[in-house]
Amino acid sequence: MAQIFATESLAPGFADPVHDSQASFRAALAAFARPGRIERVPVSPGIAAPGSLGRAATAFALALLDLDTPLWLSPSMSGAAGYLRFHCGCPVVAEPRKASFAIAGGDVPALDGFDLGTDEFPDRTTTLIICVESLRTGGAVTLSGPGIQETASLSIEGLPAGFWQQRVELQAMFPRGVDIVFACGDELAALPRSTRIKEA
Amino acid sequence: MMDGTSATAATTTGYNFAYLDEQTKRMIRRAILKAVAVPGYQVPFASREMPLPYGWGTGGIQVTASIIGQADVLKVIDQGADDTTNAVSIRKFFGRTTGVATTERTIEATIVQTRHRVPETKLRDDQIIVYQVPVPEPLRWLEPREAETRKMHALSEYGPMHVKLYEDIARYGRVTTAYDYPVMVDGRYLMRPSPIPKFDNPKLDMCPALQLFGAGREKRIYAVPPYTSVKSLDFEDHPFTIESWDEACAICGSTESFLDEVITDDKGGRMFVCSDTDYCGERRKESGDEPA
Amino acid sequence: MYVAVKGGERAIDAAHGMLDRARRGDPKVPEISLDQISEQLALSVDRVMTEGSVYDRELAALAIKQARGDLVEAIFLLRAYRATLPRLAVTKPIETGGGTVRRRISATFKDVPGGQVLGPTFDYTHRLLDFTLAAEGRAQVHPPDEATVSLDPTPRVADVLNQEGLIEAIPQGDEPDGDVTREPLRFPASRSVRLQNLARGDEGFLLAMGYSTQRGYGRNHPFAGEIRLCDVEVEIVPEELGFPVVIGEMTVTECEMVNQFKGSATVPPQFTRGYGLAFGESERKAMAMALVDRALRAEELDETVSAPAQDQEFVLYHSDSVEASGFVQHLKLPHYVDFQAELNLVRRMRGEAAE
């Protein structure tokens, strides 16, 4: 399915690349700084969400991807390949482990298949964006760690079975790991690798 | 309420908003997210030559330039003061390249860029503080080699730092580090808080604001997320303490702030005043002793 | 009542005004033009272009004028400007074996194909101040000779040695060339990264480092295989065309050192190379760079790393004048908060010692 439809790739990106990128990044930064808290991405409604990518995920990608960031797309997200190649110039790679960013839907593969970095360079890891059905309903987990005063709760609808268990297993590998962004519609919430979770 | 702020009308043309090109901002933004995700770990980044010299805040400037937006209100301090020349110069730089509002009041700022101090006024969770960092590596004076210190961080091998501090105690009865006092972040990474006096170290612990650290010449960015444990290294029998003064601020009378010593004559005359000029000024206003 | 010193902004504006006046000097003296700097202070321009990492004579001349002739400051100005430029394309490697050779000497062979070409060099001038230059408008400028450039093919000396297998082939790494302006240094650094760092490095620093290898701190038995000054074409291959297009010409100084090598467990004895390249006429820089490049290859050639010039972290982290100058000079910024903290500590410790 490597076919690229011209109409998709030409769907518009940010109306104001400088300030929309900044606003999208700040929403992402706020989300990373306060794991589990839902942030709205305040960009103009002009950006099109190709394939199954929501607007928040699209804005995140437009703000942060470029030719220096290999991208992996899960099969359910492959419709966005042309659009992201066109607007970001990012190479699309076939292996999750080679990606600095990955976008998936309910078909998230095994988390340890991504680039988990090394103990010496834990910054060289994949950042995973998961487009989910809801950030407010579904299985709830309790979060604690940096960015969270005591505990926080996060409910996500649309994750494959066993997802949280995999994420819990990665905690022991810290500082290696995967930083995850859950995106739905205009909103996103982050789960950086430093966050410790307990299934409710 | 923005009474203390001032917007700069004309921005410098010919340069992008906040000076950096968008590709550079993306690279720095990606580094900042990694830094937040691994609190206290120094993320290498491709620091750019800035129009200010390395060592003068280029790391902080690159971080601020990558996060700042039109709605932000920026405060810049050096040694706690808004009117020191380097603070003025950096504030002017952002005024010219972004046109955003600037302020001298801590409570009005959304972003505070600082060198060597943390404001006395408690920061809020809707604020970001950006520290200018000259040397980010806490182990550097113990081990000059990057390849080695990187391994030590990977293995959490911080014994040599404890030994160094303990040798101080054995020789002098106390730790002889007065500023840039090393801290442990979230129990995992040893970190330099930048050359703030150790008086300010407790403000980093469980701070509601996001704290970002930029070292331009050394090309590292690191972060402490809000509500993160930041513990100054110490020993059970020698707990960490901060300095105190016998004097009060000669201007506002504060006995709780960090004081600068001012030499008033050549006969040993001296006085002590708050290093945080905004804090000092606000206290005078509150007491009705407003400066003319 | 004491009032803290204010007026940082006014002081800065006043300082800038004074700087402007100082830059211009006595207004009765004619103002220097960029052309004059480019033509008559050409070697300053070459150094600023090399370490500023931008090949543009006019910009370099402007930087020198703005910096009042302070070359390290001019280099900084050019670097800061460079940092804002978009990256449009990557050129093909320049071909120094071709092009117009203006100077070419080899210390290893009495004669070489293409010959020894002395070119415009200070080498055999007697360093006597020429007072005739002090008189303005000296009418007589030496007329050009017939053979100021070599038109014969001038293959590189190392390539001649290579035919006998006496010198190592140019080491080819699998890694793509690095770029220190886009990736922070990592160690061990690849040779391409090291060479880029050295090319941008401070000439004085490289000179001292190179010199130290000659005095025994990492001795590597160098011979100046070849030094050449030549004009070369710069080519890019545009994506849409698929073939190279010449986008300009540049002058470079290249130095290839030939160094003795005793061999290792896997490699027979042979000569090895140290390489230096600089924009314009920058011979001292290119030679020093070649010495340091060879010294930094110690690890790769299984030699003991014992001297500063062989130590990658030491050399690469301290070579950059923009970084070094900034950090040395930052000491003049206020440090009174830190100093106050130290003052408190020292007073307390002295008090305790006296008790």
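Colleague: What stands opposite A:Ile180 in β8(A)?

Modeller: That's A:Leu191. Bear in mind that the model is predicted.

Colleague: What makes β7(A) and β8(A) a pair of strands?

Modeller: Pairing takes at least two bridges. Five bridges join β7 (residues 179-184) of chain A to β8(A), and the two run antiparallel, so they pass as a pair. They form a hairpin with two residues between them, and A:Gly185 in the turn has a positive phi of about 60°.

Colleague: And how do you know that β1 (residues 39-40) of chain A pairs with β8(A)?

Modeller: Here there are two bridges, again antiparallel. The cut-off is at least two, so this counts as pairing too. One of the matches is A:Arg40 with A:Glu187. As for β8 (residues 187-191) of chain A, four of its five residues are buried.

Colleague: Over in the β6-β5-β9 sheet of chain A, why are β6 and β9 at the edges?

Modeller: Because β6 (152-157) and β9 (196-199) each have a single partner strand, one side of each is left without a neighbour in the sheet. On average, neighbouring strands there are turned by 50° against each other, direction ignored. Helix α5 (residues 163-171) of chain A packs on this sheet, touching β5, β6 and β9 of chain A.

Colleague: Now chain B. Why is the contact between B:Glu120 and B:Lys203 called a salt bridge?

Modeller: Their closest N and O atoms are 3.1 Å apart. The limit is within 4 Å, so the pair qualifies. The two residues are 83 apart in the chain, with B:Glu120 in the loop between β5 (111-115) and β6 (128-132) and B:Lys203 in helix α6 (residues 201-204).

Colleague: Which of B:Glu120 and B:Lys203 is buried, and which is partly exposed?

Modeller: B:Glu120 has a relative accessible area of 15%. Buried means under 20%, so B:Glu120 is buried. B:Lys203 comes out at 23%, and because that falls between 20% and 50%, B:Lys203 is partly exposed.

Colleague: How do you know that B:Arg174 makes a salt bridge with C:Glu352?

Modeller: Same check: the closest N and O atoms are 2.9 Å apart, and the cut-off is within 4 Å. This pair crosses between chains, from the loop between α5 (159-172) and β7 (183-185) of chain B to helix α12 (residues 336-354) of chain C.

Colleague: What makes B:Tyr15 eligible for a nonpolar surface patch?

Modeller: Patch residues need over 30% relative accessible area and no salt bridge. B:Tyr15 is partly exposed at 38%. Together with C:Tyr81 and C:Leu85, B:Tyr15 makes a patch of about 260 Å².

Terms used. Residues are numbered from 1 along each chain as its sequence is written. Chains are lettered from A and ligands numbered from 1 in the order in which they are written. This is a predicted model: local features need pLDDT of at least 70, side-chain atom pairs count only at pLDDT 80 or more; totals for chains, interfaces and linings use all residues. Side-chain values use heavy atoms; hydrogens and water are left out. Patches are made of residues with over 30% relative accessible area and no salt bridge: like charges are joined within 9 Å, nonpolar side chains (Val, Leu, Ile, Met, Phe, Trp, Tyr) within 5 Å. Accessible areas come from the Shrake-Rupley method with a 1.4 Å probe; for residues, only the protein chains shown count as cover. A salt bridge is a side-chain nitrogen of Lys or Arg within 4 Å of a carboxyl oxygen of Asp or Glu. Buried means under 20% relative accessible area, exposed over 50%, partly exposed in between (1.4 Å probe, protein chains only). Axes are lines fitted to C-alpha atoms, for helices over the stretch in contact, and angles run from 0 to 180 degrees between N-to-C directions. Contact means heavy atoms within 4.5 Å.
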